[in-house]
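Me: I'd like to learn how to read a helix that sits against a sheet. Can you walk me through one?

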Amino acid sequence: MRIVRRLQPGEGPLYRALRLEALRESPVAFSSRYEDALARTDQSWADQAHASATGSDRSTFVAWEDQPVGLVALYRKEQTPQVGELLQMWVAPAARGGSVATDLLEAVFQWARTIGLISVQAEVVKTNARALRFYVKCGFAPVARPPAERSVLLLKPVAPPAIAP
């Protein structure tokens, strides 16, 4: 049975472990480097986890099966607060190919609706064909950018909540 939930206050060690594993296992998928993340203090991890567990400016979600198998974050963009930036999407290799990534994305969009976002953007390195296919399949559309960019910017509107009849 899979559970996807928002990171909770006090889960800095869990967040650190998942994020480090993501950076170690998939280094080309992220702009952050494993070595830099490894050098962060425990307090830095605790502060980031707490900020992602509370409030409406950012949120981090964890997918659990028997153990944590996925991670994703959504941060409200400072310059355009009605837009969220999807970050840190990662699924453990043994859990890939199923619905973990889709479940994480659904949790992100449910939260985005509750905080009034109108769209979510994701940035993916051009060489990550699997991630690009996933986001397009999930309704994200590429945004025009100069060809020299090493990443693709994708955007998806946040559907308003369904109104019960």
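Reply: Sure. Start with one cut-off: a residue is buried when its relative accessible area is under 20%, and exposed when it is over 50%. Keep in mind that this is a predicted model.

Me: Which residues of helix α5 are buried?

Reply: Helix α5 spans residues 129-137, and its buried residues are Ala131, Leu132, Phe134 and Tyr135. Looking down the axis of α5, you'd find them within an arc of 160 degrees, so they line one face of the helix.

Me: Why do residues three or four places apart point the same way in an α-helix?

Reply: Because an α-helix has 3.6 residues a turn.

Me: And what does the face of α5 turned away from its buried side carry?

Reply: You'll see the exposed residues Arg133 and Lys137 there. Just past the helix comes Gly139, with a positive phi near 100 degrees.

Me: What covers the buried residues of α5?

Reply: The cover includes the strands β4 (83-91), β5 (119-125) and β7 (151-157), along with helix α4 (100-114).

Me: In what order do the strands of the sheet run?

Reply: Follow β1-β2-β3-β4-β5-β7-β6: seven strands in an open sheet with mixed pairing. At the edges stand β1 (3-6) and β6 (141-142), each with a single partner strand, so one side of each has no neighbour in the sheet.

Me: How do β5 and β7 pair?

Reply: They're antiparallel, over seven bridges. One to look up is the bridge between Ala122 and Leu154 of β7. Now put the helix back: α5 packs on the sheet, touching β4, β5 and β7, and its direction makes about 160 degrees with that of β5.

Conventions. Residues numbered from 1 in each chain as written. Predicted model: local features only at pLDDT ≥ 70, side-chain atom pairs only at ≥ 80, totals over all residues. Heavy atoms only, no water. Buried < 20%, exposed > 50% of the residue type's maximum accessible area, 1.4 Å probe, protein only. Helix = DSSP H or I, 4+ residues; strand = E, 2+ residues; numbered from the N terminus. Arc of directions from axis to C-beta. Contact = heavy atoms within 4.5 Å. Pairing = 2+ DSSP bridges. Axes fitted to C-alpha atoms, helices over the stretch in contact; angles between N-to-C directions.
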